[in-house]
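Here's a quick look at how two domains of one chain meet. Have the model open as you read.

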Amino acid sequence: MKKYNFNAGPSMLPREVIENTAKQILDFNGSGLSLMEISHRAKDFQPVVDECVALIKELLSIPDGYSVIFLGGGASLQFCQVPYNFLIKKAAYLNTGTWAKKAMKEAKLFGEVVEVASSADANYTFIPKGWTCPTDIDYLHVTTNNTIYGTEMRKELDVPVRLIGDMSSDIFSRPVDVACYDCIYAGAQKNLAMAGVTVIILKDDALGKAPREIPTMLDYRTHVEKGSMFNTPPVVPLYSALETLRWIKRNGGVEEMDRRAKERADILYSEIDRNKLFHGTVEEEDRSLMNICFVMNEEYKELEKSFLDFAIERGMVGIKGHRSVGGFRASCYNAQTVEGVQALVKAMKDFEAMH
C-alpha cells in the first residue's frame, strides 16, 4: 500500500533527494569514502557548502550585505542565540503560538521583552492584528508559520523596525523580502533537509552591536568569518539540503513552490469546508498552507479515532493533530504532492459517506 506522509517534522522530502543523498552516503563523489565519514574540511566537501549558500541567495533573492551560515541546535538554539547577538536594550515579540512563546521566554534572559500582541486567549486560532509596534526596540521577532496551530503570515509586516523571523516551517515555500530582516532562521526538517542543520541568514552590519561578551560558539560573527566551518558542521544534513535546493531550483524556484502550496491547500481546505463531519480550526484569512489543521464537528466528535484509523488504513501517515489542538493536521510542505492531498480528500469523502 502506498504511504502518504503528512508528518509535521521531520517531514517528507522529495524522493530523488533521499535517493541522491543515500548514494553519497555509500560513496561520496567516487572517493571510496562515505559522506558520513569524510572530513568536513575535505576539498570535495567545501563545494557542497558553497553551492548551498549560492542557491539560498539565488532562490530567496538575498541582497548584498547578508551572510548565510549553517549551525546545529535547531530553531530552539536560535531562541537564545538571537537575543544574545541582537538584543541591546529591548525587543518585541509577536506571540502566535508555542514556538513564539518559547523564543520570547529565552529572550527575557538578555534584556527587556515586550509582547506586542497575542492570540493565546483564543488558542492561537488567528494572527493578531491592529496592534502597535514600538519604535524604541532593537528588533521585532515573528514566527511566520505556526506548525501546531495551523496559522501563517504570508507577507512581511509593515513595521518601522527591523524584523527577525523564525521561518522553520515555511522557508522556501514562497518568496520572501529578505531586506526587511536582520536575521532569518530555520530548522531544516520541513522544507530544506533532514533534521540536524539550521540555516541562518544574517544582515552583516547588524552584527557586533550587543553590549555583552558572547561565547565564541554563540557569536554569529564566528561562523560568518569561518564560513560555517568553525567546528564540524552536520555534514549529511547539509548535503541533503544541497540536494533539496537543487530540486527546488529545477522545479521552478520558490515561486513555483508557492503556486503548488496554494493548489494543495485549496483542495484540502475546500473539502474541510464542504464535508459535514469536519471544520477548520483557524480563521480563514490566517490559514497556513503548510500545516492544515481540522477537527470533527461536535456532533461527530466520537468518530475522531475511527476516522484516524480509517485514514491510516488508506496509507495516511502523521495526520493526528498536536495535543494542543486535537483532531487532525495534514502537513503539506514542498515535497507533498497533489496526489497525496487528493488521497486524503477521498478518505474524508468516503468516511463521510459511511456516516
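Across the interface of domain 1 and domain 2, 16 residue pairs are in polar contact, both residues at pLDDT 80 or more; that term takes a pair of N or O atoms within 3.5 Å, where within protein one must be able to donate a hydrogen and the other to accept it, and residues adjacent in sequence count only if both atoms are side-chain atoms. This is a predicted model, with local features needing pLDDT of at least 70 and side-chain atom pairs pLDDT 80 or more, while totals for chains, interfaces and linings use all residues. Residues are numbered from 1 along each chain as its sequence is written, and side-chain values use heavy atoms, leaving out hydrogens and water.

Who supplies the domain 1 side? Strand S6, strand S7 and helix H6 each give at least two residues to it, and H6 has the largest share, three residues. (Helices, H or I, have at least four residues and strands, E, at least two, as DSSP runs numbered from the N terminus.)

| Element | Residues |
|---|---|
| Strand S6 | 145-146 |
| Strand S7 | 151-152 |
| Helix H6 | 235-250 |

As for the split itself, domain 1 covers 15-251 and domain 2 covers 253-353, with bounds from an automatic or database domain assignment. The contact (heavy atoms within 4.5 Å) draws 28 residues from domain 1 and 27 residues from domain 2.

Charges join in too: there are three salt bridges between the domains, each a side-chain nitrogen of Lys or Arg within 4 Å of a carboxyl oxygen of Asp or Glu. Lys129 and Glu285 form a salt bridge at 3.6 Å, N to O.
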